[in-house]
Amino acid sequence: MSKKILAYASRGGHWVQLKRIIDGSDFKLTTISTLGNDEADYIVPDFSRSTWYRFLGVLISISKIVFRNNPDIVITTGAAPGVIIALLYRVKGTKVIWIDSIANSKKLSLSARIVRPFVTVVLTQWEYLADESKNILYKGAVF
């Protein structure tokens, strides 16, 4: 029986990177993305530091999905809603892999820095940002 994977990415570049990772996989796959992406199984509202007031609505939307789905592994390329997904699934005991965007070439994204202590592993796409002592690994770039 294949593993159940839940994959989340915000629309745009995060989604493009995630699709490159999951396309062609033989896992039982469930996808979540933000408004404006009609490819995903579930769509949730987006929020950011500048739209922090949307947080509660996003939390409610994501919580409904989290309680309905019990994947073996969660994979996310971010952004802010991915933090909620990662933290809620870790509370449930699910393994979570955070893949930081290739755009973050100088330092990890704020989202990755927030979830790093909680997720199973953070993967960076820049070798010089890896730090095994902080569970930040480099396994190559998506592009």
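Begin by selecting Q125 and Q17, whose side chains make a polar contact with each other at 2.7 Å. Keep in mind throughout that the model on screen is a predicted one, and that every distance and angle quoted along this tour is therefore a property of a predicted model.

**Around Q125**

Stay with Q125 and add D100 to the selection, since the side chain of Q125 also reaches the backbone oxygen of D100, at 2.9 Å. Colour by secondary structure and you will find Q125 in the loop between β6 and β7. Is Q125 buried or exposed? At 4% relative accessibility Q125 counts as buried, because the cut-off for that class is under 20% relative accessible area.

**One step back, to T124**

Now select T124, which is found in strand β6, a strand that covers residues 121–124. T124 is buried, with a relative accessible area of 2%. Keep D100 displayed, because here a C-alpha distance is worth drawing: T124 and D100 are 24 residues apart along the chain, yet their C-alpha atoms are separated by 5.3 Å. Next show the side chain of T124 and follow it to the backbone nitrogen of W126, which it reaches at 3.2 Å. To see the surroundings, leave aside the neighbours within four places in sequence and display the residues in contact with T124, namely L108, L129, A130, I136, L137, Y138, K139 and G140.

**Across to I136**

From that group, pick I136, whose place is in strand β7. I136 is buried as well, with a relative accessible area of 5%. Which residues does I136 touch, not counting those up to four places away in sequence? They are L108, R116, V122, T124, L129, A130 and D131, and of these L108, L129 and A130 also appear among the contacts of T124. For a second C-alpha distance, select F118: F118 and I136 lie 18 residues apart along the chain, and their C-alpha atoms are separated by 12 Å.

**Two backbone features**

Move to N135, in the loop between β6 (121–124) and β7 (136–138), and inspect its backbone torsions. N135 has a positive phi of about 60° although it is not a glycine. Most residues other than glycine have a negative phi, and most peptide bonds are trans. At 28% relative accessibility, N135 counts as partly exposed.

Then select G78 and A79, which are joined by a cis peptide bond with an omega of about 15°. A79 has its place in the loop between β4 (73–76) and α3 (80–91).

**The whole chain**

Finally, clear the selection and show the chain as a cartoon, in which four helices and seven strands make up the secondary structure. Followed along the sequence, these elements come in the pattern β-α-β-β-α-β-α-β-α-β-β. The radius of gyration is 14 Å, close to the 15 Å that the globule rule gives for 143 residues, so the chain is as compact as a globular protein of that length. Along its principal axes the C-alpha trace spans about 40 × 35 × 25 Å.

If you colour by burial, buried residues make up 42% of the 143 residues. Of the contacts between residues at least 6 apart in sequence, 47% join residues at least 24 apart. Switching to a surface, you look at about 7,900 Å² of exposed area, of which carbon and sulfur atoms supply 55%. A last colouring, by charge, picks out 19 positive and 11 negative charges, whose mean positions are 7 Å apart.

Key:
Residues are numbered from 1 along each chain as its sequence is written. This is a predicted model: local features need pLDDT of at least 70, side-chain atom pairs count only at pLDDT 80 or more; totals for chains, interfaces and linings use all residues. Side-chain values use heavy atoms; hydrogens and water are left out. The radius of gyration is taken over C-alpha atoms; the globule rule is 2.2 Å times the number of residues to the power 0.38. Buried means under 20% relative accessible area, exposed over 50%, partly exposed in between (1.4 Å probe, protein chains only). Contact means heavy atoms within 4.5 Å. Accessible areas come from the Shrake-Rupley method with a 1.4 Å probe; for residues, only the protein chains shown count as cover. Lys and Arg count as positive and Asp and Glu as negative; His and the chain ends are not counted. The place of a charge is taken as NZ of Lys, CZ of Arg, CG of Asp or CD of Glu. A polar contact is a pair of N or O atoms within 3.5 Å; within protein, one must be able to donate a hydrogen and the other to accept it, and residues adjacent in sequence count only if both atoms are side-chain atoms.
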